[in-house]
Structures are given as C-alpha cells and as structure tokens.
Amino acid sequence: MPNAFWCLVEDDRNGSPKKVMAEVIGEASRLAPGRAEAVWLTDKASEAGLKQLAEWGAARVLLLEHAALAPYRSEVWVAAAAELAAKEAPKAIFAPVTSRQREFVARLAARLGVGLAADSVGFALEGDTLVATRPVYAGKLLSKVTWAKAPWVATLRPNVFRPAETQTGKTAPVERPAVATAAAQMKFVERREEVSTGLPELTEAETVISGGRGMKGPENYVILEELGRVIGAAVGASRAAVDAGWRPHRFQIGQTGRTISPKLYLGFGVSGAIQHLAGMRTSKVIVAVNKDPEAPIFKIADFGLVADLFEVVPELTKEFKKLLEK
Amino acid sequence: MKILVTIKQVPDTATQVKIAADGKSIDTTGVTWIVSPYDEFAVEEALRIKEKRGQGEVVAVSLGPDRVKEALRSCLAMGCDRAIHLNDPAWAAADTLATARALAAVVKQEGPQLVLCGRQAIDDDMGAVTAQLAELLGWPCAYWIMEEAIDADGKSVRAARQVEGGLEVFDLPLPAVLAAQKGLNEPRYPTLKGIMGAKKKEIRDVKAADLGAAPEPPQLSIVGLQALPPRPPGRIIQGDVPTAVKELVRALREDAKAI
Ligand SMILES: Cc1cc2nc3c(=O)[nH]c(=O)nc-3n(C[C@@H](O)[C@H](O)[C@H](O)COP(=O)(O)OP(=O)(O)OC[C@H]3O[C@@H](n4cnc5c(N)ncnc54)[C@H](O)[C@@H]3O)c2cc1C
Ligand SMILES: Cc1cc2nc3c(=O)[nH]c(=O)nc-3n(C[C@H](O)[C@H](O)[C@H](O)COP(=O)(O)OP(=O)(O)OC[C@H]3O[C@@H](n4cnc5c(N)ncnc54)[C@H](O)[C@@H]3O)c2cc1C
C-alpha cells in the first residue's frame, strides 16, 4: 500500500517476532492509523507469529520468506527489501534497534538514497514531514531531525514507545512477494552461542540490574542473578566490572556497551560515570544503591539508598519474593 | 596489504556540551576532542594486521574541519603510515550518507583491500556510516566484530560479529568493510618515538572537487538541539537497611508502579 509505515520485523530466528515489535507497530499505528505494515524477512515464519503481528495492529503483512535470508547478511537482505520498497513506495521504514537492524537499515537507506534517524526515542508529524528525536552526545542532548524525502527510515530504541495492545482475533492479509536474492559474498562459518544465564536479554528486559566495581569480584554476581530471577530482570555491569574481567563484554551498559531503556534500572556499586549514564539514562525509574552519598548516580536516581549493597541485595530479594508471592 | 581506517574526531564524553547560538550545533569553545573510541579499536586492529603480515600500509581518513588534523596526528603517532583529511566547508552539513559518499570516493581512489571503521561515532551515535560505505562500494561488511583473521594469501577475512545471544562467524572475500566493536583489542598508547615520528608523516588535504562530484544536499537535516528535560528530583530513602528496603519495595510497587 503506498504511504504505508513499514515495520521491519525482528524475530527470535525461530519464526516468532520479538516483543519489541509491539512497540514499533504501536508507534507506526499511532502516526499512521491503519497504515502500519509488517515486513518480515526470514527463512521461516510461524503461523502464530503472523497472527501475532496482526493482533498487534499490522494492517498487512509482507512476508519475504527464503532460505537465503538466514543467517542475516546485509547484502542479501538489502537487495530483497529495496526491490519491494521500490514497488510499494512506503512513506516510512521503521525497525527496532538491534545489532542487525542497525546495520541493515543503514544500508537500506543508502540503497534508497534517503536519510536515516538511528536510535530514535520520539516522533512527531509536522505538516507533511516527520520529525524524529534522538539522544546525542552521550545522551546529554536531544537532536531533532527531519528527512528531505520519503521513505523516512528510522530505528526505534526498545522500551521507549508504548506497545500496541493485543487485539485478540484481529487478522491481516499476508502477502508473499517473490524474493529477489542477491548472490551472497559472505559465507557463514558458524554460530557460537553464549552460555545462557536464563535471564532476559539485556537490551530487551523491562527490568535491569547493574553491578559495578562495588561488587568487589566476579563471584558476587550470583546475588544479583538471584534477585534477577525473582523479579525477571537482566543483569548487566559497568565497564569497570567488565574491564576487570568479572563479566563478559556483552553485559556492559554504557557508551561503549549496550544502550538500555528499561522500565526499572537498579544500580548496585555503580558510581554513575557519564559514560555509564549514556547507556541507561532514558530508563523510566532509576534506583541507586551506593555507600557514597556523593556518588553522581544519585543525581539522576528516582530512589536512592546510601548503604552497603551486600546488606541491601539479600534483603531486597527477600522483600520482592514476599511481594510477588502474594 | 593496504588498509584504510576511517576515524571521526568527537568531543571527549567528559566535557560539557553546550548548544551553540544557531540552536543546531554545539558550542565548540573549550571542548576537548578525542578520536572516537571505536575508531581507536579500528586503528589498533589495522596496525596489528600490518605487523602480523610484516608489510603493508595503514592510511587514516577523516572528514571534518581543521581541528580534525589533531585526531589524524594521534593516529599517525599510534603507527598509521599517512593520513587523508577531507577538509572542505562543502561537507559542513554532511549527514551519514554524504559522509559515506565522500569516504567511498576516497576508497575508490586509494584502492585498499580492507576498510576498518568504528561501530559508531560516540557523538552523533548513528552507527550508520560504516554500513553505508559498504553499500556504496558494493562490498561485503561485517558489523560489530569481536575477532578477525585474514587468510595467508590475503584473499579473504574471517570475522566474528556480535549479535544478540552469541557470535556469528563469516568468511568475507576481500575487499571488505569491518566495523569494530569494543572487545576486539586494547588500543596502544602512542610512544614518544611515535609522537615525534608523526610530525614528519603526511596528512593530505582533500577538497570536494578533488573527489569529482560536489556533495549532494543532506537527506537528513538537524532541526534543532535541546537539553534533556530534567528528571524529577529523586528521593534518598533513610533508615536502617531492612526498613529502607521495605520502603523502597513499597514505593516501587505503589508510587512508581515499576514492578
Ligand atoms: C556543523 C555540523 C552540521 C551537521 N549537520 C548535519 C545534518 O544536517 N544532517 C545530519 O544528519 N548530520 C549532521 N551533522 C552530523 C554528521 O556530520 C554526522 O557526524 C554524520 O552523519 C556521521 O554520523 P555519526 O557521526 O553518527 O557516525 P556513525 O555512523 O556512528 O559512524 C560510524 C563510523 O563511521 C566512520 N565515520 C563517521 N563519521 C566520519 C567522519 N566524519 N570521518 C571519517 N570517518 C567517519 C567512523 O569510523 C565511525 O566509527 C552535522 C555535524 C556538524 C558538526
Ligand atoms: C571512552 C570511555 C568509554 C567508557 N564507556 C563506558 C561504558 O560503556 N560503561 C561504563 O559503565 N563505563 C564506561 N567508561 C568508564 C567510566 O568512566 C567509569 O570508569 C566506570 O563506569 C566506573 O564503573 P563503576 O561505577 O562500576 O566503578 P567506580 O566508579 O569505581 O564506582 C564504584 C562505586 O561502588 C561504590 N561501592 C563500593 N563498595 C560498595 C558497597 N559495598 N556497597 C555499595 N556501594 C559500594 C563506591 O562508592 C563507588 O561509587 C568509559 C570510559 C571511557 C574513557
């Protein structure tokens, strides 16, 4: 449909869209009621996944299903998506911020010769143009940007936009356009899975616990993981903890790590250096536990406890357990 | 092997940024400038490849105003052989695509077998120029790489990219573009000898006209910058640990509705 707002689907590589798509489709529908379309590049889509996209409010699903689309390679994806975009002439192309969408969407924008607003946290239609808001300079400022022409390409920071409500039973037509596959130059060798912690993925979690140098050693993260299991939180770390070798780099929060924007951030023994704040300052509620009343993290915290984390964490785990068992 | 590294000069995160009078850019007075940290990983990796292979050339390239020479100089001090400075007011309002176009034109002139870039520049944070450069060149690209190894005959590179849940390893034929992620390496500090030597190395100025076509107008323009809305004042919860924790849990549940 011309003038559609495309929502590029991020999935779990097993045929199901990720929950963040509710936010992307929700925002697209808010800006363009009835014109949000899900565009899904995958090697296998599940029926349940297609139904889910419709129930989140996609007016139509364009399914590009082909074995060559997995594992993700930008060169292959761009060829497929660009051809479809030329036919469909969408008004906007939205995707959630994930490691692969960041690259894919940038490359797609270059192929289409249009602008890209990465990691956006807000949108407003002004006349016939879209204005995006995005954090810049380590999150110290907000930049408003606009496009010279459509399609307006943007990625959306997870956990910032209000997710669409599930409209149970809502359906949407699924179209399966022919997939133009480019010959891939990149050859897949292997995938090395991370040892799963059993906790949510850092960038997707609604609650994130972060442990800094105050944790004193790698062995102490078990108390954070225990708390994480009780409240369903991901456990991340500051760079000081990562550089000390206590946690792998994928758990680092901040400017040279992951950017997170959970509903609740709980920092233990984190001082709140500007580079750490860059990665978490758009969190909705911030809790800081630190022995030092002067720690800069208290300046942005909604709730603070000036206390020893080793006393606080077990107590907190106990209290949350009581609360959630009720 | 000839390797080109793209680097951006950015304000040190620790420096305060103030919005300039035009409302669209930052006031650069008093700003300390650094090489964007991810680009330092790219420089380091390029130098290691050259050292390992025992031959080659590493060329640092940056687009920006006069001050950018200082960033290029520090890459030369780390060990890059020479530098190219895209220095022309015609690029003053360059967006990611215009930046990528200018860099692609340099790549075409220089003909390196490998281009190393950063995952993203830590000021504008688009994380886009690298992928767009690969697109304009029609080269394969591996993003957020944590490891790389070039095969002995210099025809391909094996790179491990970081994705949610793990690492994905690919073989890319050269020439290719790689975007460095933190964890790839630990960048070296320039030695005194390196710093002295850097003064004699070449930094070539390139104008838009030298690259053929004049820069196209930006596809994305900045409407304005604004300060963050202040967060509501926080609350320090007093009392002994059990009491304070009880109150925190209550407040998170009832007042903030965060759990
Ligand atoms: C005065 C001024 C006006 C501007 N006007 C606009 C505007 O109108 N529209 C707009 O979109 N942006 C504008 N910008 C910002 C723009 O120049 C961005 O820097 C550019 O879009 C690149 O995006 P990024 O820095 O986020 O790079 P990323 O995409 O995050 O960079 C990824 C990698 O690409 C390489 N790279 C990026 N930039 C350079 C560079 N300059 N030289 C060499 N390598 C580089 C680096 O290796 C980097 O790690 C303006 C900036 C200034 C100072
Ligand atoms: C280019 C660059 C990029 C960077 N990128 C990042 C990044 O992505 N992420 C990041 O986090 N940092 C980053 N940093 C590093 C950053 O500047 C800080 O050094 C780092 O965040 C500090 O980590 P920390 O808060 O854990 O440690 P510290 O600053 O040492 O703070 C530890 C805190 O723990 C408290 N504490 C100690 N014991 C206890 C206890 N028993 N109970 C309660 N509190 C206790 C102390 O009071 C202190 O406030 C970057 C730096 C640079 C230069």
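This report walks through the domains, the chain interface and the two ligand sites of a predicted model.

## How the chains are divided

Let's start with chain A. Its domain assignment gives domain 1 at residues 5-175 and domain 2 at residues 207-325. Taken over C-alpha atoms, the centres of domain 1 of chain A and domain 2 of chain A are separated by 31 Å.

Chain B is likewise split into domain 1, covering 2-211, and domain 2, covering 228-259. Here the C-alpha centres of domain 1 of chain B and domain 2 of chain B are 44 Å apart.

## Where the two domains of chain A meet

How many residues of domain 1 of chain A are in contact with domain 2 of chain A? Eight residues of domain 1 of chain A touch nine residues of domain 2 of chain A. Together, domain 1 of chain A and domain 2 of chain A bury about 700 Å², and carbon and sulfur atoms give 51% of that area. On the side of domain 1 of chain A, A:A138, A:R157 and A:N159 carry much of the load: they supply 62% of the area that this domain buries against domain 2 of chain A, more than any other three residues.

As for polar links, two residue pairs are in polar contact between domain 1 of chain A and domain 2 of chain A, with both residues at pLDDT 80 or more. The residues on the side of domain 1 of chain A that touches domain 2 of chain A comprise three nonpolar, two polar and three charged. The count of salt bridges between domain 1 of chain A and domain 2 of chain A is zero.

## Chain A against chain B

Now for the interface between the chains. 87 residues of chain A are in contact with 78 residues of chain B. Chain A and chain B bury about 7,600 Å² between them, with 58% of it on carbon and sulfur atoms.

Eight salt bridges are counted between chain A and chain B. One of the salt bridges pairs the side chains of B:E164 and A:R258, at 3.8 Å from N to O. Between chain A and chain B there are also 45 residue pairs in polar contact, both residues being at pLDDT 80 or more.

## The two ligands

Where does ligand 2 lie? Ligand 2 sits between chains A and B. It is surrounded by 27 residues, and the closest are A:R213, A:S238, A:T256, A:S271 and A:N290. On the polar side, the side chain of A:Q252 places an N or O atom 2.8 Å from an oxygen atom of ligand 2, while nitrogen atoms of ligand 2 pair with polar backbone atoms of A:I253 and A:L309. On its own, ligand 2 exposes 990 Å², and the protein buries 79% of that.

Ligand 1 has 29 residues around it, the closest being B:K8, B:D39, B:G127, B:A128 and B:L220. Its polar partners include the backbone of B:I7, which offers an N or O atom to a nitrogen atom of ligand 1 at 3.3 Å. An oxygen atom of ligand 1 is 3.0 Å from a side-chain N or O atom of B:D124, and an oxygen atom of ligand 1 is 2.7 Å from a polar backbone atom of B:A128. Taken alone, ligand 1 exposes 940 Å², of which the protein buries 85%.

Here are the polar pairs of both ligands, ready for reference.

| Ligand atom | Protein partner | Distance |
|---|---|---|
| Ligand 2, oxygen | A:Q252, side-chain N or O | 2.8 Å |
| Ligand 2, nitrogen | A:I253, polar backbone atom | 2.8 Å |
| Ligand 2, nitrogen | A:L309, polar backbone atom | 2.9 Å |
| Ligand 1, nitrogen | B:I7, backbone N or O | 3.3 Å |
| Ligand 1, oxygen | B:D124, side-chain N or O | 3.0 Å |
| Ligand 1, oxygen | B:A128, polar backbone atom | 2.7 Å |

Notes:
Residues are numbered from 1 along each chain as its sequence is written. Chains are lettered from A and ligands numbered from 1 in the order in which they are written. This is a predicted model: local features need pLDDT of at least 70, side-chain atom pairs count only at pLDDT 80 or more; totals for chains, interfaces and linings use all residues. Side-chain values use heavy atoms; hydrogens and water are left out. Domain bounds come from an automatic or database domain assignment. Contact means heavy atoms within 4.5 Å. Buried area is the accessible area (1.4 Å probe) that two parts lose on being put together, summed over both. A salt bridge is a side-chain nitrogen of Lys or Arg within 4 Å of a carboxyl oxygen of Asp or Glu. A polar contact is a pair of N or O atoms within 3.5 Å; within protein, one must be able to donate a hydrogen and the other to accept it, and residues adjacent in sequence count only if both atoms are side-chain atoms. Ala, Val, Leu, Ile, Met, Phe, Trp, Tyr, Cys and Pro count as nonpolar, Asp, Glu, Lys and Arg as charged, and the others, Gly among them, as polar. A residue is near a molecule or strand if one of its heavy atoms lies within 4 Å of it. Accessible areas come from the Shrake-Rupley method with a 1.4 Å probe; for residues, only the protein chains shown count as cover.
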